[in-house]
Amino acid sequence: SDNFLPGGSIYPNPKESSLLFSLGHHVDLYFPHHKGSRISPPIVFSGERVEKKNPSIEILPDECLFEIFRRLPGGQERSSCACVSKRWLTLVSNIHRDEINDNNKGGVVSKVEDQDVEGDGYLSRVLEGKKATNVRLAAIAVGTASRGGLGKLSIRGSNSTCGVTNVGLRAISRGCPSLRVLSLWDSSSVGDEGLFEIADGCHQLEKLDLCHCPAITDKSLLAVAKGCPNLKDLTIEGCANIENEGLQALARCCPNLKAISIKDCPLIGDQGIVSMLSSASFTLTKIKLQALNITDVSLAVIGHYGKAVTDLSLISLPNVSEKGFWVMGNGHGLQKLKSFAVTSCRGVTDLGLEAVGKGCPNLKQLCLHKCAFLSDKGLVSFAKTASSLESLQLEECHRITQFGFFGSLLNCGAKLKAISLVNCYGIKDLNLGLPSVLPCKSLRSLSIRNCPGFGDASLAALGKLCPQLQHVELSGLHGISDAGFLPLLETREADLVKVNLSGCVNLSDKAVCIMADLHGWTLEMLNLEGCKISDASLVAIAKNCQLLSDFDVSKCAITDSGIAALARSNQIKLQILSMSGCSKVSDKSMPSLRKLGQTLLGLNLQQCKAISSSTVDLLVEQLWRCDILF
């Protein structure tokens, strides 16, 4: 008999109006308030009709749902709720760990819940391109919480319409306190607020990688420095708004910092590098500086304060001169330096490199790339002082000639194990007439690639000088023929294990057959791509190379008979076989390839025009373990 007016209050007392939830202009919903009572099905009054509707939790506002979700007994229950809808997922992902199970007044957290909150963080997740969205980040935050916790997160790129923003990182910060590694690549929509959230919720963060994040500034690094004191590894690349102040804050607040890599950040200069090196003098072990506006001052500080540095890489530093390298070498602080790589630095001269050799007594690996002012004199002087050197790599150092190359071999200490020459056009094939000296018996690996002047005379001299070679790579050397390669084979005191002769177009069956006869029983990898060989080489290899597992005969004049010879061998167990561009191999090799496929894991048949697609389909079906390229 009561009269209900649409949109009006059914209680004369205005204090009880809070009992109503408005659903619209003509609808009111009333929940009677009784202590300890359950929520009964709602009664909806619309106009003059009275209807009973099926109960739906969706009518509850976000605040109520949030209170329900944070009181669920475990992470699996919250994860299940997050699967219902994006709305529920958003609410669950915004629950901070401090807000979970708030109704437990006794302070006792269940064993399951304790595991959810304090996960070890052994899970890893990667989001790339279109998959990098806030929704997926929220799902990761909720899903990993009940499965051990998220330890590593990598976000590469971003969805163009609904990509990762600060909201997604907020979900990670609230649901993944165990996060230790975070990588953000090409995330233009992520700014300082997102890193603020990470710093506030992920105090165990140890590694931070920021690559091409233009919206991130020094403020982010200041927050990370305060909130993540356990930071050990920092990479910053292409972040145009990060300046020296951020590095200074990290240097002050992160005493465990061990590795830094900074590339293409125009606002970072000597001030930031100096503060970081001076503050982390006894912990910083790895330094990589590339395309920065730093000067000789930074190198001087590295040479003086880099007492713990073991790995140093300097790339494209146009403002660093010869003086910087000289001062760094004479600073006597790089006593523990083991690996040194320099690329495109005009300061690397004969004087600078010699100083580095004297100041770094424990240097084991040196890599020089595009050092236009380095000559034979500097290389030989360095070799005389670097008694601990084990590996020497020279790439595009065009002032280095035969004299510098062989001079470094003659003067290096007894620990040199590997030497590499790549694209060094100053090398000419001269008959040097090397003096009678003790051979370099420590050298095990020789790699010479795309040095057009390197020929038979140089190779024959190397054979006499380095009798213990086991790994030989002679790639793209048109000046090498049987006349130079045979002396290298015949002067071996140790047997060859890996040989790469790709692009040596003047090597023939004679050299390959002799190599198979002399060293076949130890040979494991052989690359003959583009060599002037035929089926005769394959017959010799099938007979002598029992341990061969990786074999490349691409662009060679082999036929079905050669493949059949390999298949007839009961000893050879190939895992990788590449025949790309072998136009004389046809469908007749199908039975041989099927037999070889019993051990094959990879087969390359690209550009084999005589092999039909139907044969390839049969091979794919029968060799299901093998990855076939066609």
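Here are some friendly notes on the side-chain pairs, cysteines and one helix packing in this predicted model.

1. Let me start with the cysteines. Searching the whole structure turns up zero disulfides. C371 is in no disulfide, and the nearest cysteine sulfur, that of C397, lies 4.7 Å away. Since a disulfide calls for sulfur atoms within 2.5 Å, that distance does not qualify. C371 itself is buried, with a relative accessible area of 0%.

2. C451 deserves a look alongside it. This cysteine is in no disulfide either, and its nearest cysteine sulfur belongs to C424, 5.0 Å away. C451 has a relative accessible area of 0%, so it counts as buried.

3. Next, the aromatic side chains. How many aromatic pairs does the structure hold? There are two. One of them joins F405 and F406. Their ring centres are 5.2 Å apart and their planes stand at 75°, so the pair is edge-to-face; the cut-off for that class is over 60 degrees. F405 is buried at 1% relative accessibility, and F406 is buried too, at 3%.

4. Those two phenylalanines turn up again in a helix packing. Helix α15 (residues 402-411) packs with helix α16 (residues 456-465), their axes 12 Å apart and at an angle of about 5°. That angle makes α15 roughly parallel to α16. On the α15 side, the contact is made by Q402, F405, F406, L409 and L410. On the α16 side, S458, A461, L462 and L465 make the contact. If you have the model open, this is a good place to view F405 and F406 in context, as both belong to the α15 part of the contact.

5. Now to the charged side chains. Side chains of opposite charge can pair when their charged atoms come close. The count here comes to ten salt bridges. One of them is between E67 and R71, whose closest N and O atoms are 2.5 Å apart. E67 is partly exposed, with a relative accessible area of 32%, and R71 is partly exposed as well, at 33% relative accessibility.

6. Which helices does the salt bridge between R170 and E197 link? R170 sits in helix α6 (residues 166-175) and E197 in helix α7 (residues 192-201). The two residues are 27 residues apart, and the pair links distant parts of the chain. The closest N and O atoms of R170 and E197 are 3.8 Å apart, and a salt bridge requires them to be within 4 Å. Both partners are partly exposed: R170 has a relative accessible area of 27%, and E197 one of 22%.

7. A further salt bridge brings strands into the picture. The side chains of E237 and K263 meet at 3.4 Å, N to O. E237 lies in strand β9 (residues 233-237) and K263 in strand β10 (residues 259-263), so this salt bridge ties together parts that are 26 residues apart in sequence. E237 is partly exposed, with a relative accessible area of 22%. K263 also counts as partly exposed, at 28% relative accessibility.

8. One last item on the salt bridges: some of them share partners. E67, R70 and R71 are joined in this way into one network. The bridge between E67 and R71, at 2.5 Å, was described above, so R70 is worth bringing into view when you inspect that pair.

Terms used: Residues are numbered from 1 along each chain as its sequence is written. This is a predicted model: local features need pLDDT of at least 70, side-chain atom pairs count only at pLDDT 80 or more; totals for chains, interfaces and linings use all residues. Side-chain values use heavy atoms; hydrogens and water are left out. Buried means under 20% relative accessible area, exposed over 50%, partly exposed in between (1.4 Å probe, protein chains only). Rings of Phe, Tyr and Trp (its six-membered ring) pair if their centres lie within 6.5 Å; planes under 30 degrees apart count as stacked, over 60 as edge-to-face and the rest as tilted. Helices (H or I, at least four residues) and strands (E, at least two) are DSSP runs, numbered from the N terminus. Axes are lines fitted to C-alpha atoms, for helices over the stretch in contact, and angles run from 0 to 180 degrees between N-to-C directions. Angles under 35 degrees count as roughly parallel, over 145 as roughly antiparallel, 65 to 115 as roughly perpendicular and the rest as oblique. Contact means heavy atoms within 4.5 Å.
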